[in-house]
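Here is a friendly walk through a protein model for your bench notes. Please keep the structure open beside the text as you read.

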Amino acid sequence: QSAGPRVDPLDFLDAAGDFEQVEVRWFNRAKGYGFLLRSDGVTQVFVHMETVRRAGFATLLPGQFCSARIHDGPRGALAVVLEAGAG
């Protein structure tokens, strides 16, 4: 059973900003999520495995750069869309 309503990052697509460069802080494929760092080197952005898969990545590696559209929501920054390369 579900522990609550599942959030689909694509629900926030309209509210997300333009692509910006992010760096992978850490990602745990087994847990199904990780965190990215915005260009300020401080702000963490949550990224879900489903978003990683949609971008065509099998996993993400610490220090890897990619581009993300980010939604700044009540629970913090959420990566809505990822793509390879640096925006």
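A salt bridge here is a side-chain nitrogen of Lys or Arg within 4 Å of a carboxyl oxygen of Asp or Glu. The model is a predicted one, in which local features need pLDDT of at least 70 and side-chain atom pairs count only at pLDDT 80 or more, while totals for chains, interfaces and linings use all residues. Residues are numbered from 1 along each chain as its sequence is written, and side-chain values use heavy atoms, with hydrogens and water left out.

## Salt bridges

The structure holds three salt bridges. They are set out here.

| Acidic partner | Basic partner | N to O distance |
|---|---|---|
| glutamate 20 | arginine 38 | 3.0 Å |
| aspartate 72 | arginine 38 | 3.1 Å |
| glutamate 50 | arginine 53 | 3.4 Å |

Glutamate 50 and arginine 53 both belong to helix 1, three residues apart, or about one turn of the helix. Helices (H or I, at least four residues) and strands (E, at least two) are DSSP runs, numbered from the N terminus. Salt bridges with shared partners join Glu20, Arg38 and Asp72 into one network.

Where does arginine 38 sit? Its place is in the loop between strand 2 and strand 3. Is arginine 38 buried or exposed? With a relative accessibility of 16%, arginine 38 counts as buried, because buried means under 20% relative accessible area, exposed over 50%, and partly exposed in between (1.4 Å probe, protein chains only). Glutamate 20 is partly exposed at 24%, and aspartate 72 is exposed at 52%. In helix 1, glutamate 50 is partly exposed, at 25% relative accessibility.

Leaving aside residues up to four places away in sequence, arginine 38 touches Glu20, Val22, Thr43, Val45, Ile70, Asp72 and Ala77. Contact means heavy atoms within 4.5 Å.

## The barrel

The protein chain has one helix and five strands, and from the N terminus on its elements run β-β-β-α-β-β. The five strands make a closed barrel in the order 1-2-3-5-4, with mixed pairing. Two strands pair if DSSP finds at least two bridges between them. From one strand to the next, the twist averages 50°; the axes behind this angle are lines fitted to C-alpha atoms, for helices over the stretch in contact, and angles run from 0 to 180 degrees between N-to-C directions.

Strand 1 (residues 20–28) pairs antiparallel with strand 2 (residues 33–37) over five bridges, and phenylalanine 27 has glycine 34 in strand 2 as its bridge partner. Strand 1 is also joined to strand 4 (residues 65–73) by four bridges, again antiparallel; here valine 22 is matched with cysteine 66 in strand 4. Strand 4 and strand 5 (residues 76–84) run antiparallel and are joined by eight bridges. These two strands form a hairpin with two residues between them, and glycine 73 stands opposite glycine 76 in strand 5.

## Aromatic pairs

Rings of Phe, Tyr and Trp (its six-membered ring) pair if their centres lie within 6.5 Å; planes under 30 degrees apart count as stacked, over 60 as edge-to-face and the rest as tilted. By this rule the count comes to five aromatic pairs. One of them is stacked: tyrosine 33 and phenylalanine 46, at 5.5 Å centre to centre and 20° between the planes. Tyrosine 33 belongs to strand 2 and phenylalanine 46 to strand 3 (residues 44–48), so this pair ties together parts that are 13 residues apart in sequence.

Phenylalanine 35 and phenylalanine 46 form an edge-to-face pair, 5.7 Å centre to centre with 80° between the planes. Phenylalanine 35 lies in strand 2 and phenylalanine 46 in strand 3, so the pair ties together parts eleven residues apart in sequence. Tyrosine 33 is partly exposed at 26% relative accessible area, as are phenylalanine 46 at 27% and phenylalanine 35 at 23%. Trp26, Tyr33, Phe35 and Phe46 form one aromatic cluster.

## A buried valine and the chain totals

Valine 52 lies in helix 1 (residues 49–54) and is buried, with a relative accessible area of 0%. Not counting residues up to four places away in sequence, valine 52 touches Phe27, Val47, Phe57, Thr59, Leu60 and Leu82.

Across the protein chain, buried residues make up 32% of the 87 residues. Among contacts between residues at least 6 apart in sequence, 55% join residues at least 24 apart.
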